[in-house]
Amino acid sequence: MQQDTQTTRWSSIRLIYLREMRDQLRDRRTVFSIVILPMLLYPLLGMLAMNIGQLFSGQKAISVCLVGGEHLPDRPTLVVDGAINERLLSQNDSVQLSLLSESEVAPRDLRETARGWINSGVYDAVVLVPKDLDQMAVLYTVTSDRSTIAGDRMHRVLNRWRDAYVSDSLESEGIDPQILDPFSIEQIDIAPASSRQTAFWSKLLPFVMFVWAMTGAFYPAIDLVAGEKERGTLETLLCSPALRSEIVWGKLMAVTSFSILTALLNVISMQVTALMVLHQTGMGSDSGTGAVSGTGLVWLLIAADSAVGAVQFARIGDRGDGPQQ
């Protein structure tokens, strides 16, 4: 007799579970948040990341005005034939240089004039060279992507030129420039590639999976409790032969199923997008950003959805709909 009661109990839970799953799959908001949103969100973010990466990759030429080039020393050369010395530029960097002497611009209003050039889009950045070379200035604005790129690129160029200037100064005094860098330090990561990938994803996936698991459980949990109370269908369900514990377990299983499905689809979409972005940007598994293993994904799903299930179960119990015999 006890075995028949137990069989009836699990069959009731199954019926309630299937009923809630069917009702939720008919809700467009639930389907959108679980299926459509993760499939659209990460590809769009990936496209945005690739566009930003291409913008900052140095393939686009930027315009720079150098004011006071007559104050530059002969060695090392910063400007060669009206252009930045190619030895100071990184690969694929392109700079369209304009040269102006300090006499062509009023010294008192030099920086204000440079600000006006940048804000009006005449130049992406302006480099000011003082007479005594005590403090060179690179003017740019973060409100423009091109100006930000120009400022960063010229800052790197000037740093390389300064290093060459220091080396030439030491050599002229008979001092070996190697004294500034007597030895090198090499960092060697002895972890295998699989461990590096695990370390990368372990910092990112738990947070993402928990957030999306909670998001996937949020709408179904509200609709299965408060929604049924508002629609007046919860009383009908409570009048059925099913025990309240069976109703709670059926609803909890439905919420957990949507939570698992949401987390799984988000992780799949995120990994596919990440691999596509890494392939397009030329980054591979050597950087420790390969695909997460299947075993690790399973354990992440179990951990995330166990936590979400416990939270949702506690919320249901706080509303007074907990298991009662």
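# Loops, strands and packing

Trainee: Where in the chain does Leu133 lie?
Mentor: Leu133 sits between strand S5 (125-128) and strand S6 (137-139). This is a predicted model, and in it the place of Leu133 is a loop.

Trainee: What is the phi of Leu133, and is Leu133 buried, partly exposed or exposed?
Mentor: Most residues other than glycine have a negative phi. Leu133 has a positive one, near 55 degrees. Buried would need under 20% relative accessible area and exposed over 50%. Leu133 has 26% relative accessibility, so it counts as partly exposed.

Trainee: Which loop holds Asp81, and is Asp81 buried or exposed?
Mentor: Asp81 is in the loop between S2 and strand S3 (83-84). Its phi, near 55 degrees, is positive in a residue other than glycine. Because its relative accessibility is 80%, Asp81 counts as exposed.

Trainee: What is the omega of the peptide bond between Arg75 and Pro76?
Mentor: Pro76 is located in the loop between strand S1 (62-67) and strand S2 (79-80). Most peptide bonds are trans. The bond joining Arg75 and Pro76 is cis, with an omega of about -10 degrees.

Trainee: Let's turn to the sheet. What is the strand order in the open sheet of four strands?
Mentor: Pairing in this sheet is mixed. Strand S4 (95-100) and S6 each have a single partner strand, so they stand at the edges and one side of each is left without a neighbour in the sheet. From one strand to the next the twist averages 20 degrees. The order is S4-S1-S5-S6.

Trainee: How many bridges join S1 to S4?
Mentor: Strands of a sheet pair through backbone hydrogen bonds, either parallel or antiparallel. S1 and S4 run parallel, and Val64 stands opposite Leu97 in S4. The number of bridges joining S1 to S4 is six.

Trainee: Which residue of S5 stands opposite Val64?
Mentor: S1 and S5 run parallel, joined by four bridges. Opposite Val64, in S5, stands Ala125.

Trainee: In which sense do S5 and S6 pair, parallel or antiparallel?
Mentor: One opposing pair is Val126 and Leu139, the latter in S6. Three bridges link S5 and S6, and their sense is antiparallel.

Trainee: Which residues point the other way from S5 to Ala125 and Val127?
Mentor: In a regular strand the side chains alternate between the two faces of the sheet. Ala125 and Val127 point one way, and all the residues on both sides are buried. Pointing the other way are Val126 and Leu128.

Trainee: What angle does helix H3 (residues 110-120) make with S5?
Mentor: Helix H3 lies across S1, S4, S5 and S6. Its angle to S5 is about 160 degrees.

Trainee: And what angle does helix H4 (residues 145-172) make with S1?
Mentor: Helix H4 packs on the sheet and touches S1, S4, S5 and S6. Its direction and that of S1 make about 55 degrees.

Trainee: What is the area of the nonpolar surface patch that includes Leu40?
Mentor: Leu40 lies in helix H2 (residues 28-55). With 47% relative accessibility, Leu40 counts as partly exposed. Its patch partners are Phe32, Val35, Ile36, Met39, Leu44 and Met47, and the patch covers about 630 Å².

Trainee: Finally, what share of the protein's exposed area do carbon and sulfur atoms supply?
Mentor: The protein has eight helices and six strands, and 37% of its 325 residues count as buried. It exposes about 19,600 Å². The share from carbon and sulfur atoms is 58%.

Technical notes:
Residues numbered from 1 in each chain as written. Predicted model: local features only at pLDDT ≥ 70, side-chain atom pairs only at ≥ 80, totals over all residues. Heavy atoms only, no water. Helix = DSSP H or I, 4+ residues; strand = E, 2+ residues; numbered from the N terminus. Buried < 20%, exposed > 50% of the residue type's maximum accessible area, 1.4 Å probe, protein only. Pairing = 2+ DSSP bridges. Axes fitted to C-alpha atoms, helices over the stretch in contact; angles between N-to-C directions. Contact = heavy atoms within 4.5 Å. Areas by Shrake-Rupley, 256 points an atom, 1.4 Å probe, with all protein chains shown as cover. Patch = residues over 30% accessible without salt bridge, like charges linked within 9 Å, V, L, I, M, F, W, Y side chains within 5 Å. Salt bridge = Lys/Arg side-chain N within 4 Å of Asp/Glu carboxyl O.
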